[in-house]
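Grab the model and work through these short exercises with me. Try each one yourself before reading the solution.

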Amino acid sequence: MKSLSRLQIFGILLLFRGTVDAQNSSHNRGAGLITGVFSSLILHAESQDVIGYEITVSKVGDKGVYFVVLQCAQGVAEPPIVSRAEVVSGMLTFSPEDHACGSKFRAMPGSKGILLWIDGRSQGLIPRHHSFWETH
């Protein structure tokens with residue numbers, strides 16, 4: 001098995017610390033850090049391809065039912081998918097019926113963005129950001 005370099009270990013520790021900070025912050029501030037718009041969608045200047053993810057998390061009612069509007073793009077933006085989500089210990093999980101973007105999503109929201117895993121693969125940090133569609 002390949003050993004990790006010090007730089008890789010440092011990166012993993014920073015990611016872990018950010019995850020823990022996001023989790024602790026979401027416990028302290030409630031839905032404020034869980035809800036919002038998280039977007040990495042970009043328009044590639046030369047090809048005009050739209051690439052990335054946009055996730056809007058909202059809370060409905062007093063009992064804290066969460067919903068996600070997910071849009072992914074790998075050249076062309078897919079239609080948005082609405083899915084019910086659960087929050088357990090600050091981790092948001094959802095499984096959209098339409099599997100265009102993936103089938104199992106886990107996300108750790110925080111003040112700077114949302115750490116996203118799709119079908120067990122990390123997609124990195126999706127920044128807390130205005131919607132891509134506000135300017136395009």
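**Exercise 1.** In this predicted model, work out how many bridges join strand 4 to strand 5, and which way the two strands run.

*Solution.* Start with the ranges: strand 4 covers residues 65-75, and strand 5 covers residues 81-88. Five bridges join them, and the strands run antiparallel. For a spot to check by eye, go to Val-68, which sits opposite Ser-83 of strand 5. Now look at the connection: strand 4 and strand 5 make a hairpin, with five residues between them.

**Exercise 2.** Carry on to strand 6 and find which residue stands opposite Val-87.

*Solution.* Strand 5 pairs with strand 6 over four bridges, again in the antiparallel sense. Opposite Val-87 you'll find Leu-92, in strand 6. This hairpin has two residues between its strands, and Ser-89 there takes a positive phi near 50°.

**Exercise 3.** Hunt down the disulfide: which cysteines form it, and what is its handedness?

*Solution.* Searching the whole structure turns up one disulfide. Cys-72 and Cys-101 form it, with their sulfur atoms 1.8 Å apart, which is inside the 2.5 Å cut-off. Next, take the torsion about the S-S bond of Cys-72 and Cys-101: it is about -85°, so the disulfide is left-handed. Then see what gets linked: Cys-72 belongs to strand 4, while Cys-101 lies in the loop between strand 6 and strand 7. The two cysteines are 29 residues apart, so the pair links distant parts of the chain.

**Exercise 4.** Are Cys-72 and Cys-101 buried or exposed?

*Solution.* The cut-off for buried is under 20% relative accessible area. Cys-72 and Cys-101 are both buried.

Conventions:
Residues numbered from 1 in each chain as written. Predicted model: local features only at pLDDT ≥ 70, side-chain atom pairs only at ≥ 80, totals over all residues. Heavy atoms only, no water. Buried < 20%, exposed > 50% of the residue type's maximum accessible area, 1.4 Å probe, protein only. Pairing = 2+ DSSP bridges.
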